[in-house]
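Student: Could you take one part of this protein and look at it closely with me, step by step? I would like to understand how that part is connected to what surrounds it.

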Amino acid sequence: MSCFIFILQLYFCIIPSKAVAQDGEESRAIVFKEPIRDKVMEGHLIRLVEVPHQGSCNVLCYMEPNCVSINLGPSQGGNYICELNNASDESPGSSDLQSKQDYIHLSIEVK
């Protein structure tokens, strides 16, 4: 029995603007801001998945049009918990950034 593992590594946090997908829709350009350690956005979860590294979580956020921030934390088995959020620490009226040890919160800036 053989196994194949495909790992997508994100080396840059800037994704080119005005790229056009095969279906004709424009994709967005985003930049991840500096991480905020030991904080998470609560109450705005879009999706929760396990990922092998932060780059995978960044890509998932880029691919989800409503994602404006991520929470990344430890998981059992060496992976990470990736939480995609539809709000960020800069969202109007948002005070949902809470303390959570061993997690980081990253907001995006849409270019």
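**A close look, from the tail to the helix**

Tutor: Lys111 lies in the segment after β6, and I begin there before turning to the part I would like to examine closely, the helix α1. Please keep in mind throughout that this is a predicted model. Lys111 has a relative accessible area of 58%, and because exposed means over 50%, this residue counts as exposed. Along the sequence Lys111 is 83 residues away from Arg28, yet in space their C-alpha atoms are 7.6 Å apart. Setting aside neighbours within four places in sequence, Lys111 touches Ala29 and Val31.

That pairing of residues distant in sequence fits what is found for the protein taken as a whole: among contacts between residues at least 6 apart in sequence, 65% join residues at least 24 apart. The protein has one helix and six strands, and if you read along the sequence you meet them in the order β-β-β-α-β-β-β. Of the 111 residues, 34% are buried, and of the roughly 7,400 Å² that the protein exposes, carbon and sulfur atoms supply 53%.

Now to the helix itself. In α1, seven of the 10 residues are buried, which leaves the helix mostly covered. The buried ones are Gly55, Ser56, Cys57, Asn58, Val59, Leu60 and Cys61, and what they pack against is a set of strands: β1 (30-32), β3 (45-51), β4 (69-74), β5 and β6 (97-110). As you follow the helix in the picture, two names from that list deserve a pause, Cys57 and Cys61, for each of them takes part in a disulfide.

A disulfide is a covalent bond between the sulfur atoms of two cysteines. A search of the whole structure finds two of them. In one, Cys57 is joined to Cys82, with the sulfur atoms 2.0 Å apart. Cys57 belongs to helix α1 (residues 54-63) and Cys82 to strand β5 (residues 80-85), so this bond ties together parts that lie 25 residues apart in sequence. The torsion about the S-S bond is about 80°, and therefore the disulfide of Cys57 and Cys82 is right-handed. Both Cys57 and Cys82 are buried.

The other disulfide joins Cys61 to Cys67, with a distance of 2.1 Å from S to S. Here the angle about the S-S bond is -100°, and the link of Cys61 and Cys67 is left-handed. Cys61 counts as buried because its relative accessibility is 0%, and Cys67 counts as buried because its relative accessibility is also 0%. If you number the bonded cysteines along the chain, the pattern of the disulfides is 1-4, 2-3.

Staying with the partner of Cys57, we can ask what else surrounds Cys82 in the strand β5. Leaving out its neighbours within four places in sequence, Cys82 is in contact with Arg47, Leu48, Val49, Val51, Cys57, Leu60, Asn71 and Leu72. Two of these, Cys57 and Leu60, are among the buried residues of α1.

The cysteines also lead us to the largest nonpolar core, which has 14 residues. Those with the most contacts inside this core are Phe32, Cys57, Cys61, Ile70, Cys82 and Leu84. The elements that give two or more residues to the core are β1, α1, β4, β5 and β6, and each of the strands named there also appears among those that the buried residues of α1 pack against.

To close, let us come back to β6, after which we found Lys111. Asp102 lies in this strand, and although it is not a glycine, its phi is positive, about 70°. At 54% relative accessibility, Asp102 counts as exposed, because the threshold for that word is over 50%. Asp38, which is found in strand β2 (residues 36-41), likewise has a positive phi, about 60°, without being a glycine. Asp38, however, is partly exposed, with a relative accessible area of 38%. Finally, the charged end of Lys100 sits over the ring of Tyr103, at 4.5 Å from the centre of that ring.

Notes
Residues numbered from 1 in each chain as written. Predicted model: local features only at pLDDT ≥ 70, side-chain atom pairs only at ≥ 80, totals over all residues. Heavy atoms only, no water. Helix = DSSP H or I, 4+ residues; strand = E, 2+ residues; numbered from the N terminus. Buried < 20%, exposed > 50% of the residue type's maximum accessible area, 1.4 Å probe, protein only. Contact = heavy atoms within 4.5 Å. Areas by Shrake-Rupley, 256 points an atom, 1.4 Å probe, with all protein chains shown as cover. Disulfide = S-S within 2.5 Å. Lys NZ or Arg CZ within 6 Å of the ring centre and 35° of its normal. Core = buried A, V, L, I, M, F, W, Y, C linked by side-chain atoms within 4.5 Å.
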